[in-house]
Amino acid sequence: MTAVGIDAMEIWTGKLKLDLAETFAPAQGDDPGKYTKGLGLHASSFPDVYEDIVTMAANAAHRLMERKGLGPDDVGRIDVATESSFDNSKPVSTYVAGCLEQVYDGDFHHANKGERKFACIAGTQSLDDAYNWIRAGRNRGRSAIVIATDTALYARDDPGEATQGAGAVAMLVSEDPDLVELSAEQGFGSADETDFLKPNQQFPSVDGKRSVNVYLARMREALDDFESAAGDIHPDDYPLIPFHTPFPGMVRKAAALGYRHIIRGTDVEDAVAAEIGHQPMREDFETDDAFRDAIREYTDSLTETERYKDWYADTIDPTLEISREVGNWYTGSVHIARAAGLKHARENGRDLDGKQLLVASYGSGAQAEVHAETVVPGWEEEIAQLNIDEQNRERYDLSFEEYEQIHDVHNHDTEADVEEFTAPESEFVFDGWGRMGERKYRYVE
Ligand code: HMG
């Protein structure tokens with residue numbers, strides 16, 4: 001069977017930066033440690049005045065097509081995942097195609113386009129759609145462009161404000177990929193939850209503390225379900241485990257839970273039990289306080305072991321390196337975690353050819369999904385193309401007053417007339433409104 005997976009990717013960050021320790025914490029009267037140590041975040045990315053989910057998506061996709069030498073005829077599908085859409089009918093992918101048609105000969109009239117919504121997990125669901133389309137043999141030799149793009153804003157003074165972020169990830173899904181091969185085995189944990197939602201409103205209504213527990217409960221179900229599809233798993237099977245990362249502190253909790261799952265029934269579980277003096281937890285409780293307390297007691301001891309700390313340093317920590325600097329990108333978040341892990345591995349000479357990643361996606365509302373991917377030869381060359389460090393360094397560093405202004409610019413309910421902070425160059429920009437309320441875009445040379 002021909003391999004299908006991610007052939008290449010590009011990341012585009014919003015061009016503004018809010019430093020959480022230097023700028024946000026003092027304005028809030030908070031200890032910077034709450035953000036840098038507690039949440040594990042150093043900075044958030046924001047879109048400049050002329051940026052939005054379309055420009056970030058189109059710029060990432062354009063760079064991907066240029067680098068891979070593709071034209072519109074090579075692309076049979078443009079799937080956009082977002083939870084920051086501004087239109088209940090016309091999908092963002094049509095705007096993205098319209099942008100790209102300004103700079104390419106030819107058009108995307110033959111390409112199937114859509115928009116996926118299920119909070120942050122929609123990016124992974126769009127990858128699934130592209131994978132299934134190629135697997136079904138409907139692609140006629142063409143590839144799919146999958147884009148996860150979001151402006152993850154919270155209302156001012158919401159506890160989620162420190163976790164904001166904005167950016168896009170564009171992925172090329174093809175036969176014989178050069179980055180990772182996707183697999184058919186998946187595990188799901190899905191339930192009707194009201195932890196984080198946007199009922200016809202731009203900013204989310206969030207029950208923040210509960211959302212953390214819902215994430216963990218659904219992730220636990222997805223790991224169980226994955227094991228029932230893929231069979232027994234072992235920590236040595238996965239050199240990297242990218243999780244959905246609303247903030248790295250969330251992944252710290254999810255990783256402890258994940259490790260407990262992955263070591264179940266293995267030699268590692270026995271070794272850990274001998275070391276911490278706790279019997280491994282084998283009971284199947286419902287998700288209730290008693291169960292959470294029991295898990296917490298076990299994982300608190302587990303995470304103190306040298307074995308766990310080494311595993312976390314190798315398998316989890318590298319996946320957080322980009323998120324720490326850019327915040328939550330919602331649909332793109334797990335995909336920048338994968339990119340960060342692979343980037344770190346390349347820079348540190350780790351040989352991942354043929355190795356598996358366990359990818360753990362999540363979306364509020366709520367659903368977790370776990371699947372394995374195989375890293376394919378060629379991955380190092382692909383990952384070496386990412387310029388996210390350079391983009392992050394070049395961001396304009398906002399003062400708190402400027403942050404307030406740009407938050408107003410992107411707030412749909414606020415009129416704000418603010419000068420741009422950076423100068424666009426070789427990129428798509430927002431260019432005002434059309435007569436039917438549509439958004440207009442143009443390419444700046
Ligand atoms: P909060 O009330 O601002 O923070 O809300 P806190 O007081 O709970 O502190 C956070 C952590 O910092 C705690 O650590 C504190 O102890 C620690 P923990 O106990 O959790 O390990 N801390 C400090 N550490 C060192 N030095 C200090 C210090 N002070 C405190 N000085 C909350 C946190 C997550 C609730 C908030 O940020 C929020 O509401 N965020 C938005 C919702 C969210 O991100 N939920 C995550 C799970 S849901 C999800 O991932 C889906 C999502 O991406 C959306 C989608 O799917 O579309 C959000």
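**View 1. Helix α7 meets helix α9 in this predicted model.** The axes of α7 and helix α9 (residues 289-302) cross at roughly 90 degrees and come within 10 Å. Angles of 65 to 115 degrees count as roughly perpendicular, so that label goes to α7 and α9. On the α7 side, the contact takes in A256, L257, Y259 and R260; α9 answers with I295, Y298, T299 and L302. Sort the residues of this contact by class and you get six nonpolar, one polar and one charged.

**View 2. The other partner shown for α7 here is α6.** This pair packs at an angle of about 30 degrees, and the axes sit 10 Å apart. Anything under 35 degrees counts as roughly parallel, and α6 and α7 are therefore roughly parallel to each other. The crossing of α6 past α7 is right-handed. From α6, the contact uses V212, Y215, L216, M219, R220 and L223, while α7 brings M250, K253, A254, L257, G258 and H261. L257 of α7 is worth picking out, since it is listed in the contact with α6 and also in the contact with α9. By class, the α6 and α7 contact has eight nonpolar, two polar and two charged residues.

**View 3. Helices α3 and α4 pack against each other.** Helix α3 covers residues 53-68 and helix α4 covers residues 92-103. Their axes are 9 Å apart, at an angle of about 50 degrees, which makes α3 and α4 oblique to each other. This crossing, too, is right-handed. I53, V54, A57, A58, A61 and H62 of α3 touch V92, Y95, V96, C99, L100 and V103 of α4. The class split for this contact is eleven nonpolar, one polar and no charged.

**View 4. The ligand sits among 29 residues.** Coming nearest are G33, G38, A119, G160 and G208. Elements that supply two or more residues to the shell are α2 (33-39), α6 (208-230), α7 (248-263) and β11 (356-363). So both helices of View 2, α6 and α7, turn up here again. The shell breaks down into 13 nonpolar, eleven polar and five charged residues.

**View 5. Here is the stretch at residues 3-175 that UniProt annotates as a domain.** The record, an unreviewed entry, calls this feature "Hydroxymethylglutaryl-coenzyme A synthase N-terminal". Over residues 3-175 the chain is 34% helix and 29% strand. Look at the two ends of the stretch as well: their C-alpha atoms are 6 Å apart.

Note on methods. Residues are numbered from 1 along each chain as its sequence is written. This is a predicted model: local features need pLDDT of at least 70, side-chain atom pairs count only at pLDDT 80 or more; totals for chains, interfaces and linings use all residues. A residue is near a molecule or strand if its C-beta atom, placed from the backbone, lies within 6 Å of it. Helices (H or I, at least four residues) and strands (E, at least two) are DSSP runs, numbered from the N terminus. Ala, Val, Leu, Ile, Met, Phe, Trp, Tyr, Cys and Pro count as nonpolar, Asp, Glu, Lys and Arg as charged, and the others, Gly among them, as polar. Axes are lines fitted to C-alpha atoms, for helices over the stretch in contact, and angles run from 0 to 180 degrees between N-to-C directions. Angles under 35 degrees count as roughly parallel, over 145 as roughly antiparallel, 65 to 115 as roughly perpendicular and the rest as oblique. A crossing is left-handed if the near helix is turned anticlockwise from the far one by less than a right angle, and right-handed if clockwise. Two residues are in contact if their C-beta atoms, placed from the backbone, lie within 7 Å. UniProt positions are given in the numbering used here, feature names are shortened, and annotations may be inferred rather than shown by experiment.
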